[in-house]
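Me: I am new to this structure and would like to understand the reasons behind the words used to describe it. Could you take me through them step by step?

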Amino acid sequence: MGELAVILIGALLVNNFVLAQFLGLCPFMGITRGYDTAAATGIVTTLVLCLTMVLSYPLYHAILVPLEVTYLRIIAFIAVTAGVVAASAFYIRTTRHALHQVLGSYLPLITTNCAVLGVALLATKPDLTLLETSVFSIGAATGFTIVMVAFGALREQLTHSAIPAPFQGIPIALISAGIMSLALMGFVGVGQ
Amino acid sequence: MVLSNQQIMGVFCAALVPGTAAMTWLWGWGVVWNLAILLCLCAVIEVLCKLLRQSPVTLTTFDVSTFVTAWLIALCLPPATPVLVLASAAVASIALAKHVFGGAGHSLFNPAMVGYAVALVSFPELLASWPGQAVDGYSGATLLSEFRYREGRTVEEFFDSQASAFSDQRFIALCFAAGGLVIWRLGLIAWRTSVGVLAGVTLCAMLGYDGGASTSYGSPYFHWYSGGLLLATFFVVTDPATHPRGHAQQWLFGILVGVVVFVIRAFGSYPDGIAFAVLFANSFTPLLNRYAERRKHTPEVEANRV
């Protein structure tokens, strides 16, 4: 139990994918203009991340390792991610109309979210069991979603402030993200 | 009694005086050095930023909260900190955390804590030595980090070995609490955030308390008066610009700060987590505000949404 809690807290906070490892910055900066899109992207990415993990873990340990072709894992994982994204895009388009309207063209871009590939690569370390891998990906995905939602709300509030002209838009978003990252630096050492 | 914003900030400064006097009495003039230099630096940066933003600089419109920010940073840093460290903290707080976000009242992150955190992660070794705690009576790590790395001693043994440092710390914390209680009685602070912080720390410390064995994380009482907890409880988390609106949200905000402070103190590498905890909770302030506004203004719109 303790081990799992350490993995969860590590992936969620200490090594948060966006604010501590700087993975997945493209959606973090690009899709957080509004709270709704940010929240939707976070939730769909969580879904994609977990599905990708469930598929790539057996792929890696049952096919790539026995055949000694682990150097192909990046290509293999990208293919899995693309497949999962295509499937979830189809599902969302056909059954979740409101969500599809919010996300629209951002949906396929989840394939190129490096956090997804990063989690897949980090979670297939040889010494992790399937349970630990799942806890790791759930932690990483939840951390991503929480950060996206908080940052979406933060950027909405920023639009109401009297920010000096040179800092409006992306600059102030980057400064805010920097301060959020500064806050997470305080967690260094937790779980070690 | 209705006070203007300027006057409220003046009262904040006055309420910080007893604690500052206690620190100066126990730790020497280094405390006043920090304070004097930071007050000057922050005022200069404030004026420069105002000029850059082409807003009028007059004595009556001068933002007194600049002095509160400077004062809080001065109290967080160890006495007689080098000027360049003070300057970096001042620039980070006044320019980066306040004026870039649109000036007084618009900052999303507590300016004082941004300044302190920037200095802390930039100069960790320089800021780790505090007076009065080590055997030679001059400098050493803070009580919190001594406590964390106490090498198998039980809490009681540790208290005996550091008795004078503990009584100093307690005295300073009490002086800040006295100032804090005054501004609370005057109704100038959102007390829910303050009580939330104390509740969060107490709850966590009680869950982790084991009667004071060598692996203990410390009693709630120890956590209350060590580090800057009481100072932050009354003067930092109550910054009106950066705590959320709405009562439930303020409770949540305070408890979040308290829990994070305890987690960093008990498990993290930094001895005290006040600055990080406040900035962490500040990141969620807009989200909490969002829920506060939604419930207040648009319940029927909310109900109609899928």
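Me: What pattern does chain A follow when read along the sequence?

Reply: In this predicted model, chain A reads α-α-α-α-α-α-α-α along its sequence, with 8 helices and 0 strands.

Me: What makes chain A as compact as a globular protein of that length?

Reply: The globule rule gives 16 Å for 192 residues, and the radius of gyration of chain A is 17 Å, which is close to that value, so chain A counts as being as compact as a globular protein of that length. Taken along the principal axes, its C-alpha atoms fill a box of roughly 60 × 45 × 30 Å, and 40% of the 192 residues count as buried.

Me: Why is α6(A) called roughly antiparallel to α7(A)?

Reply: The axes of α6 (residues 114–123) and α7, both of chain A, come within 10 Å and cross at roughly 155 degrees. Angles over 145 degrees count as roughly antiparallel, and therefore α6(A) is described as roughly antiparallel to α7(A). The crossing in which α6(A) passes α7(A) is right-handed.

Me: Which residues meet where α6(A) and α7(A) are in contact, and how do they divide by class?

Reply: From α6(A) come A:A115, A:V119 and A:A123, which meet A:T133, A:F136, A:S137, A:A140 and A:F144 of α7(A). The residues of this contact divide into 6 nonpolar, 2 polar and no charged.

Me: What makes α9(B) roughly antiparallel to α11(B)?

Reply: In chain B, the axes of α9 (residues 191–207) and α11 (residues 229–236) come within 8 Å of each other and cross at roughly 150 degrees. Set against the cut-off, by which angles over 145 degrees count as roughly antiparallel, this value makes α9(B) roughly antiparallel to α11(B). The contact is made by B:S194, B:V197, B:L198 and B:V201 on the side of α9(B), together with B:L229, B:T233 and B:F234 on the side of α11(B); by class it has 5 nonpolar, 2 polar and no charged residues. The crossing of these two helices, α9(B) and α11(B), is right-handed.

Me: How many residues of chain A and of chain B are in contact with each other, and which element gives the largest share of the side of chain A?

Reply: On the side of chain A there are 27 residues in contact with 30 residues of chain B. The elements giving two or more residues to that side of chain A are α7 (130–158) and α8 (170–185), and the largest share, 8 residues, comes from α8(A). By class, the side of chain A that touches chain B has 20 nonpolar, 6 polar and 1 charged residues.

How values were computed: Residues are numbered from 1 along each chain as its sequence is written. Chains are lettered from A and ligands numbered from 1 in the order in which they are written. This is a predicted model: local features need pLDDT of at least 70, side-chain atom pairs count only at pLDDT 80 or more; totals for chains, interfaces and linings use all residues. Two residues are in contact if their C-beta atoms, placed from the backbone, lie within 7 Å. Helices (H or I, at least four residues) and strands (E, at least two) are DSSP runs, numbered from the N terminus. Ala, Val, Leu, Ile, Met, Phe, Trp, Tyr, Cys and Pro count as nonpolar, Asp, Glu, Lys and Arg as charged, and the others, Gly among them, as polar. Axes are lines fitted to C-alpha atoms, for helices over the stretch in contact, and angles run from 0 to 180 degrees between N-to-C directions. Angles under 35 degrees count as roughly parallel, over 145 as roughly antiparallel, 65 to 115 as roughly perpendicular and the rest as oblique. A crossing is left-handed if the near helix is turned anticlockwise from the far one by less than a right angle, and right-handed if clockwise. The radius of gyration is taken over C-alpha atoms; the globule rule is 2.2 Å times the number of residues to the power 0.38. A residue is buried if 20 or more other C-beta atoms lie within 10 Å of its own, exposed if 12 or fewer, and partly exposed in between; C-beta atoms are placed from the backbone.
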